[in-house]
Amino acid sequence: MNRQTFGTLFLSLALASGGLSLTLPASADDAVTGAPTAAQPPLPKETLTITSASGKHDFTVEKATTLRQQQVGEMFRTSLPADQGMLFLWSAPQQSDMWMENTLVPLDIVFIDADGRIQSITENAVPQSLARISSHGPAMATLELQGGITAKLGIVVGDRVTSASLEAKMAPPASAKKSH
């Protein structure tokens with residue numbers, strides 16, 4: 001569901017101008033436009049935990065790390081179990097704008113700040129809507145969960161989000177670590 005506008009625009013312009021050549025699987029993409037036409041295969045997974053006033057909530061999330069994985073996201077999938085989701089990891093904190101094009105199920109979209117806390121939540125994003133869903137400021141990552149699950153579990157802005165990938169992004173660079 002992440003449709004990073006610049007990346008999509010760049011890809012579209014490059015393809016239209018003939019300046020970029022991509023080989024994409026015919027079964028998952030339109031041969032002319034490169035637009036996805038089917039769900040992407042499952043992505044690498046990890047455990048993600050949200051710690052809220054109501055307790056710890058564990059999810060198995062797919063990691064969307066490449067531009068193409070992020071562009072396709074949850075498109076064309078017909079279900080999303082309550083204990084699963086998709087994590088979009090950004091190379092640096094940035095404005096995250098999402099939409100629900102070709103997404104068939106409602107989603108809760110959770111924006112995570114550079115400190116690993118929830119900065120905003122959009123609940124029950126409408127399937128197939130092109131309305132822009134904004135992080136309202138720089139996000140380190142964006143998490144998509146089953147629609148309505150954040151309210152059901154009492155997950156709110158300010159809750160802590162942890163996973164191996166998020167922890168790695170928050171770790172100080174080796175040059176900043178003190179030597180003994």
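1. In this predicted model, the side chains of Asp97 and Gln95 are joined by a polar contact of 3.1 Å. The side chain of Asp97 also makes a polar contact with the side chain of Arg132, and here the distance is 2.9 Å. When you look at Asp97 on the screen, it is worth displaying both of these partners together, Gln95 and Arg132.

2. The setting of Asp97 deserves a second look. Asp97 is found in strand β3, which covers residues 84–98, and its relative accessible area is 14%; because buried means under 20%, Asp97 counts as buried. Asp97 and Ile133 are 36 residues apart in sequence, yet their C-alpha atoms are 5.5 Å apart in space. Ile133 belongs to the range of strand β6, residues 133–146.

3. Strand β6 also holds His136, whose phi is near 55°, a positive value in a residue other than glycine. Most residues other than glycine have a negative phi, and a reader checking the backbone may therefore wish to look at such places with care. With a relative accessibility of 69%, His136 counts as exposed, because the cut-off for that word is over 50%.

4. A positive phi in a residue other than glycine is also found at Asn124, where the value is near 50°. Asn124 is found in strand β5, and at 40% relative accessibility it counts as partly exposed.

5. Strand β5 leads on to the question of pairing: how many bridges join strand β4 to strand β5? There are 5 bridges between β4 (residues 107–112) and β5 (residues 118–125), and the two strands run antiparallel. One of the pairs to trace by eye is that of Ile112 with Ile118, its bridge partner in β5. The two strands form a hairpin with 5 residues between them, and in the turn Gly116 has a positive phi of about 80°.

6. Is Ser165 buried or exposed? Ser165, which is found in helix α4 (residues 164–170), has a relative accessible area of 13%, so it is buried under the 20% limit. Leaving aside residues up to four places away in sequence, Ser165 touches Glu46, Lys63 and Leu89. Of these partners, Glu46 can be placed within the range of strand β1, residues 45–52, and Leu89 within that of strand β3, residues 84–98.

7. Thr37 lies outside the helices and strands, in the loop between α1 (5–17) and β1 (45–52). Thr37 counts as partly exposed, with 43% relative accessibility. Although Thr37 and Asn102 are 65 residues apart along the chain, their C-alpha atoms are separated by 8.5 Å.

8. Finally, some totals for the chain as a whole. The secondary structure comes to 4 helices and 7 strands, and from the N terminus on the elements run α-β-β-α-β-β-β-β-α-β-α. Of the 180 residues, 42% count as buried, while the chain exposes about 9200 Å², with carbon and sulfur atoms supplying 58% of that area. Among contacts between residues at least 6 apart in sequence, 72% join residues at least 24 apart.

Technical notes. Residues are numbered from 1 along each chain as its sequence is written. This is a predicted model: local features need pLDDT of at least 70, side-chain atom pairs count only at pLDDT 80 or more; totals for chains, interfaces and linings use all residues. Side-chain values use heavy atoms; hydrogens and water are left out. Buried means under 20% relative accessible area, exposed over 50%, partly exposed in between (1.4 Å probe, protein chains only). Contact means heavy atoms within 4.5 Å. Two strands pair if DSSP finds at least two bridges between them. Accessible areas come from the Shrake-Rupley method with a 1.4 Å probe; for residues, only the protein chains shown count as cover. A polar contact is a pair of N or O atoms within 3.5 Å; within protein, one must be able to donate a hydrogen and the other to accept it, and residues adjacent in sequence count only if both atoms are side-chain atoms.
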